[in-house]
Amino acid sequence: MNKPMQHIPHPKLLLDPYGAWAANQGVPITEDFGVDLLKAETKPWARFGVDGGIVNLKGRGDFVSIFVLDLAPAAKTSPQQHMYEEAVYVLSGHGSTTVETSDGRKHSFEWGPKSLFALPLNAKYQHFNSSGQERARLASTNNLAMMLNLFHNEAFVFENNFKFPEREGTAKSFSGEGEFIPVRPGRNMWETNFVPDLASFELKAWKERGAGGSNMMFVLADATMHAHISQMPVGTYKKGHRHGADFHVFAVTGHGYSLLWYDGEKDFVRVDWKHGVVFAPPDQMFHQHFNTSPDPARYLAIAFGSLRYPFTEQKRHVFTGMDVSVKDGGCQIEYEHQDKRVHKIYLDELAKYGVKSGMGPFINEAA
């Protein structure tokens, strides 16, 4: 008979440098399947000079976590510089960020709710709340966990002066402009450092992912951190799919829910979402997103391993098989193969909001 595994504490066994660093920051650490970041607890964070907290989602994987920074009216963060990548999503408030590039030039840009930007690797930067009356809240999805666990040396991460001019972009990269890189539906990219408003950003059609949806992949500061935004029209939902851990899904516009399940399981896990909510599907857990609002719904996904730099073979498989049926070796469940309960649940949810289904052209709603 096998004995249960026992935890044997030892100062030099099974170390977690990132976990130790996080515990020493003196700020709240929220751990859950999904989190409303607008309500996540924050306290004064000495490193940043403003209130903050750490969010570790159950499906975050080994590389990624979230920092929440809560800037009081007219507050500013302490100047920062670090050897980890981050993509910042603005949850609320208005402000600006100043980035100093390797040539000594300073670039400033103004952000507001639903802005997205990336800080070039190891560039000096500082965030400012431009309002004298309202707080501003930022969500930084970053790969500090990977960097600290890889090098287990804080000085290397936070006191390193090495420059990466090739990742900085140009002055236009900080102005809200970018370069459209056409590839094919679902792989088209927009390269920039700053997207002023994800709610109004132009997307491209991606019919293979279902029900008239659209999408854009981002290349931010030439980083390995990935980001993309997708939209579901009114009365529609995406096809089910699965991938590895660490895709952090942020609701941007509209409201709805997602169902999650492992292959072979009968019960669904449900996450209801609206702006401010983030969740991360665990490794290889199927999930499907549903728009129940009277307006199109958008969500942002941030992960480590990008369309340009997939980093792992698993990410490479995801980006090549996103819109390919699992029956053909891909990651997607076609509508005709989905659980029969899925559509009925959706129709019941639409009825609660007085929204008509728009799925008729894509599935047999009478089945």
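Helices here are DSSP runs of H or I with at least four residues, strands are E runs of at least two, and both are numbered from the N terminus. With that settled, E349 sits in helix 5, residues 341-353.

A quick note on where the numbers come from. This is a predicted model, in which local features need pLDDT of at least 70, side-chain atom pairs count only at pLDDT 80 or more, and totals for chains, interfaces and linings use all residues. Residues are numbered from 1 along each chain as its sequence is written, and side-chain values use heavy atoms, with hydrogens and water left out.

**E349 and its partner**

Why does E349 count as buried? Because its relative accessibility is 7%, and buried means under 20% relative accessible area (exposed is over 50%, partly exposed in between, with a 1.4 Å probe and protein chains only). The side chain of E349 still has a polar partner: a contact of 3.1 Å joins it to the side chain of R270. A polar contact is a pair of N or O atoms within 3.5 Å; within protein, one must be able to donate a hydrogen and the other to accept it, and residues adjacent in sequence count only if both atoms are side-chain atoms. Setting aside residues up to four places away in sequence, E349 touches Y257, R270 and T292, where contact means heavy atoms within 4.5 Å.

**H275 in its loop**

H275 lies between strand 21 (269-274) and strand 22 (277-279), in the loop. Its side chain makes a polar contact with the side chain of Y89 at 3.1 Å, and also reaches the backbone oxygen of L91 at 2.9 Å. Beyond neighbours within four places in sequence, the contacts of H275 include L38, V90, K114 and G254.

**Helix 2**

Helix 2 covers residues 144-151, and L144, A145, M146, M147 and L148 are buried there. What do these buried residues pack against? Helix 1 (17-23), strand 5 (65-71), strand 11 (136-142), helix 3 (154-158) and strand 24 (297-304).

**Positive phi angles**

Here are some residues with positive phi.

| Residue | Phi | Place |
|---|---|---|
| H152 | about 35° | just after helix 2 |
| A221 | about 55° | loop between strand 16 (214-220) and strand 17 (225-232) |
| F311 | about 70° | loop between strand 24 and helix 4 (313-321) |

Neither A221 nor F311 is a glycine. Is A221 buried or exposed? A221 counts as buried, because its relative accessibility is 3%.
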